[in-house]
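Reader: I am new to this structure and would like a close look at one part of it. Please start from the pocket that ranks second by size and work outwards.

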Amino acid sequence: MSINTDTLIIGGGPAGIATALALGESALLVEKGASLGGLSTSFELAGAIMDFVVHSFHTPHPHVRDLVFNSLEMEEQVRNAKCFVQDEYLPYPFQQNFHFHSDESLVAACRAGLEKSDARKKASNFHEHIENRFGPGISEHFMLPYNRKLWGDDLSSLSADWTGERVAAASSNSQAFSQTSGKRKPLQANTKIAYPARGGFGEILNALAQQVSRSEIGVEIGRIDPIRKKAVSSAGQTYSYNRLVSTLPLPLLLKTCEAVPLDLIAATDKLEALSLTLVFVVCDHPVDTEIHRVYCSEPQFSAHKVTINHTSSKYLRQLPSHGIVLEISHGKLRGGGVQSSEKKAVQELLRLGLVKDTSHIIATKAVSIPHAYPRPTHSRDSIVADVKAWLRHHDIETLGRFGEWAYINCDEAIHRGLSVAGNIAEG
């Protein structure tokens, strides 16, 4: 027996949920996991609330903010992020706050480099963008080592067209984060962020998922016939549709579809993704710092980012134990595997002063994520454009971070899901 629906949505992450929410009864959302939410879910570890992938809510889209704030109670606060450079904490971003460092030679080098920089100069790659915009001082003391830890050693392999949304300028005067512009700007020292008043970040997706009219979990689509407009699950169930919206990673989507040109499949195989290990650490006392994030450029730290999760809300602050998350790029994880990364994480937290003594640590857990960030390589845009054109010819839309191979956050995925749903509703 075939299940019929006007629009079939594959994947229950933020983009899929938003699309289904906007289309109502005319759409059916199928998700292979046991629940909706994708990588935006939360879980409990030894009494601490952890986010599966580190999140806070901030958006330049007023309609997305309204949707979330009307769906559950949220709390807002000014983001408290730090950079850890040569054993000192500085306010984030480094390029605006390097002058707080006690090393006079470091400060002098950063200032001299800024005087020689030329932000107007066209950069052909990400490495050039950093050097043009900040000069040698800031580049060598933070920007290059930090981004090499995250993206890999060869920053010239990345394009520079995404930096306007992610990399803060040396001055915040012309780059304030806006909640109404519709276009993302880099986070600043005074940016306001939001988080659910109770529970973890995943409560946002839970609240939105409850409003979805039709959904099925535990359904993995194994084959798509774009000509006959049928999708077949791994269990043999057939879904007939008029339009299909997929949030599957692009290479997987094309390999699931029949009749896809071989050159398109070969092209998507060239798309690159950054894999991560997340190390979750639980301490046996309430959170004792106001810091939300720490960015580490030092090579002796395996983690490039540390999140103190329980500073996200009043509810989390008062819990008897608290959680910390270390994000480690696989490109910099040297030997020893997951268990080794847990041991390293504990030592790094001691050096950062975020844990006073190992006796306070009651649980650790490491999780590997094969697809965490799409790498913005030079060929990415043209590959994605060609694939989208073929898919749209067959009434298929592809959405989400890896559905579009775009470095987007949860709020942007929701926005794009709502936009695609609007286009479908308008025919």
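How many residues in the lining of the second largest pocket are nonpolar, how many polar and how many charged?

Author: This is a predicted model, in which local features need pLDDT of at least 70 and side-chain atom pairs count only at pLDDT 80 or more, while totals for chains, interfaces and linings use all residues. Residues are numbered from 1 along each chain as its sequence is written, and side-chain values use heavy atoms, without hydrogens or water.

The lining of the second largest pocket holds twelve charged residues, eight nonpolar and five polar. Charged here means Asp, Glu, Lys and Arg; nonpolar means Ala, Val, Leu, Ile, Met, Phe, Trp, Tyr, Cys and Pro; the others, Gly among them, are polar. The volume of this pocket is about 440 Å³. It is lined by 25 residues, and E165, A406, Y407, I408 and R416 are the closest to its centre. Three elements give two or more residues to the lining: α6 (163–166), α12 (380–393) and α13. Of the elements, α12 gives the most, with four residues. A pocket is an open set of points on a 1 Å grid over the protein atoms alone, with protein on both sides within 12 Å along at least five of seven lines; lining residues have an atom within 4 Å of a point, whereas in a cavity a 1.4 Å probe fits but cannot get out. Volume is the space filled by probe spheres set on the points.

Helix α13 deserves a description of its own. Spanning residues 410–425, α13 has 16 residues and reaches 23 Å from its first C-alpha to its last, close to the 22 Å expected at 1.5 Å a residue. That expected span is 1.5 Å times one less than the number of residues. Helices (H or I, at least four residues) and strands (E, at least two) are DSSP runs, numbered from the N terminus. The buried residues of α13 are C410, D411, E412, A413, I414, H415, G417, L418, V420, A421 and I424; buried means under 20% relative accessible area, exposed over 50%, and partly exposed in between (1.4 Å probe, protein chains only). These buried residues pack against three helices and three strands, namely α1 (14–23), α2 (62–71) and α7 (202–209), with β1 (2–10), β12 (238–246) and β18 (396–398). Just after α13, G427 takes a positive phi of about 80°.

Next come the strands. In β16 (residues 322–329), eight of the eight residues are buried. One side carries H322, I324, L326 and I328, the other G323, V325, E327 and S329, and both faces are covered. In a regular strand the side chains alternate between the two faces of the sheet. Strand β13 (residues 273–283) runs antiparallel to β16 and pairs with it over eight bridges, with F280 opposite V325. Strand β15 (residues 305–308) is also antiparallel to β16, through four bridges, and I308 has I324 as its bridge partner. Pairing requires at least two bridges found by DSSP.

T307 belongs to β15, and T307 counts as buried because its relative accessible area is 1%. Leaving aside residues up to four places away in sequence, T307 touches V54, H292, R293, G323, I324 and V325; contact means heavy atoms within 4.5 Å.

H292 and R293 also help to line the largest cavity, along with H55, S56, Q77, I193, A194, Y195 and S312. Its volume is about 50 Å³, and the count of cavities of 30 Å³ or more comes to one. Strand β8 (residues 192–196) gives the most to this lining, with three residues. By class, the lining of this cavity has three nonpolar, five polar and one charged.

A few backbone features remain. Most residues other than glycine have a negative phi, and most peptide bonds are trans. The bond from Y92 to P93 is cis, with omega near 0°, and P93 sits in the loop between β7 (88–91) and α3 (94–97). K229, not a glycine, has a positive phi of about 60° in the loop between β10 (221–225) and β11 (230–233). K229 counts as partly exposed because its relative accessibility is 24%. A259, also not a glycine, has a positive phi of about 65°, and lies in the loop between α8 (250–256) and α9 (262–268). With 58% relative accessibility, A259 counts as exposed.
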